[in-house]
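Let's take a walk through this model together, helix by helix, with a few stops at single residues. Keep the viewer open as you read.

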Amino acid sequence: MTEPRKNNIIAIASGKGGVGKTWLAVTLAHLFARSGRHALLFDGDIGLANVDVQLGLTPQRDLSGVISGRHTLKEAITQYSDGGFDIIAGRSGSASLALLPPEKLHAVGGSLLELQKNYDFVIIDLGAGIEHHVQYLAALAGRCIVVVTDEPTSLTDAYAFIKIALTNKPAPEFSIVVNQASTQKEGEGTYHALNKACVNFLNLSPPLLGIIRRDNKVKDSIRSQKSLLIKAPHSTAATDVAVLSIKLMQG
């Protein structure tokens with residue numbers, strides 16, 4: 001890791017797939033845009049890319065084209081006009097970033113650091129797992145939000161992600177978001193379980209950024225390929241993420 005981290009870059013991580021990481025990244029980008037911030041959402045999971053799928057977009061250019069040299073990262077920007085923010089899409093089924101030689105991965109990272117100068121916030125939707133390319137992209141960010149649920153595998157994988165990400169110098173600032181919590185109390189219990197492991201074994205206590213309660217409107221919005229703020233702007237989950245976005249915008 002050679003590039004300096006940038007405080008306006010936020011990485012969304014999980015360690016484990018299926019916890020709502022991409023949905024959270026999309027919703028945060030939309031909330032930033034609604035608050036007048038210029039936001040870019042970068043889909044860092046090229047092999048299983050689904051930001052464009054969740055929003056019903058068919059970008060003409062994407063990250064796989066950048067990697068192959070057909071166009072630049074800036075040329076791959078697609079505007080999500082319904083949400084007022086920009087997207088750099090991956091492509092599902094294309095070669096994974098994990099297979100990229102380091103020089104190509106670092107070239108993408110360098111281009112992203114150039115692009116961030118034009119935005120108030122850049123959100124990186126990281127791939128699941130702890131592989132090198134995931135850690136590299138996480139290290140570009142000043143803040144890394146780790147998304148967890150109450151599933152034991154989610155907690156262990158999140159802990160593993162944080163443990164390895166701490167080896168990056170400098171490491172990003174970590175914070176935790178508990179998703180799909182039945183109640184506020186249950187969400188706090190999930191956070192405390194992860195925090196206890198981090199304190200005991202990593203000498204780190206990542207703060208709780210927020211709890212997002214389980215809400216069927218989220219699945220409805222994903223099925224309809226629309227942002228939750230368009231499909232159900234006053235839903236429980238939308239309200240909970242709005243609280244997170246305010247905290248992030250306040251620094």
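A residue is called buried when its relative accessible area is under 20%, exposed when that area is over 50%, and partly exposed in between. Please keep in mind that you are looking at a predicted model.

That scale can be tried out right away on Q180, a residue of strand β7, which covers residues 173-181. Q180 has a relative accessibility of 30%, so it counts as partly exposed. Its backbone deserves a look too: Q180 is not a glycine, yet its phi is positive, at about 60 degrees. N203 is another residue other than glycine with a positive phi, here near 55 degrees. You will find N203 in the loop between α7 and β8 (208-213). With 73% relative accessibility, N203 counts as exposed.

Now turn to helix α1, residues 21-34. Is this helix as long as its residue count suggests? What span should its 14 residues have at 1.5 Å a residue? The expected value is 20 Å, and the end C-alpha atoms are 20 Å apart, so the two agree. As for its surroundings, α1 is mostly covered, with 13 of its 14 residues buried. After α1 comes G36, with a positive phi near 85 degrees.One partner of α1 is helix α10, residues 236-249: the two axes come within 9 Å and cross at roughly 65 degrees. The crossing of α1 and α10 is right-handed. On the α1 side, the contact is made by W23, L24, T27, L28, L31 and F32, while α10 brings A237, V241, A242, L244, S245, L248 and M249. Sorted by class, the contact of α1 with α10 holds eleven nonpolar residues, two polar ones and no charged ones.

Stay with α10 for a moment and pick out D240, which lies in this helix. Is D240 buried or exposed? Its relative accessible area is 9%, so D240 is buried. Setting aside neighbours within four places in sequence, D240 is in contact with I211, I212 and R213.

The next pair to view is α4 (residues 102-115) and α5 (residues 132-139), whose axes come within 11 Å and cross at roughly 25 degrees. Angles under 35 degrees count as roughly parallel, and α4 and α5 are therefore roughly parallel to each other. In this pair, α4 passes α5 in a right-handed crossing. The residues that make the contact are L105, H106, G109 and G110 of α4 together with H132, H133 and Y136 of α5. The contact of α4 with α5 divides into two nonpolar, five polar and no charged residues.

Helix α5 is also worth viewing in its wider setting. Seven of its eight residues are buried, so α5 is largely enclosed by the rest of the structure. Which residues of α5 are buried? They are H133, V134, Q135, Y136, L137, A138 and A139. The elements that cover these buried residues include β1 (6-13), β2 (39-44), α4, β5, β6 (141-148) and α6 (152-165).

From the strand side, L126 of β5 (residues 121-126) gives a closer view of these surroundings. L126 has 0% relative accessibility and so counts as buried. Not counting residues up to four places away in sequence, L126 touches A11, I12, A13, K21, D45, V134, L137, A138 and F161. For a sense of distance, L126 and V177 are 51 residues apart in sequence, and their C-alpha atoms are 15 Å apart in space.

The last stop is α6, which packs with helix α7 (residues 184-202) at an angle of about 40 degrees, the axes being 10 Å apart. That angle makes α6 oblique to α7. Here α6 passes α7 in a right-handed crossing. L155, A158, Y159, I162 and K163 in α6 meet T190, A193, L194, A197, C198, F201 and L202 in α7. By class, the contact of α6 with α7 consists of ten nonpolar residues, one polar and one charged.

Also in helix α6 is A160. With 24% relative accessibility, A160 counts as partly exposed. A160 and L24 are 136 residues apart in sequence, with their C-alpha atoms 21 Å apart in space.

Key
Residues numbered from 1 in each chain as written. Predicted model: local features only at pLDDT ≥ 70, side-chain atom pairs only at ≥ 80, totals over all residues. Heavy atoms only, no water. Axes fitted to C-alpha atoms, helices over the stretch in contact; angles between N-to-C directions. Helix = DSSP H or I, 4+ residues; strand = E, 2+ residues; numbered from the N terminus. Parallel < 35°, antiparallel > 145°, perpendicular 65-115°, else oblique. Left-handed = near helix turned anticlockwise from the far one by under 90°. Contact = heavy atoms within 4.5 Å. Nonpolar A, V, L, I, M, F, W, Y, C, P; charged D, E, K, R; others polar. Expected span 1.5 Å × (residues − 1). Buried < 20%, exposed > 50% of the residue type's maximum accessible area, 1.4 Å probe, protein only.
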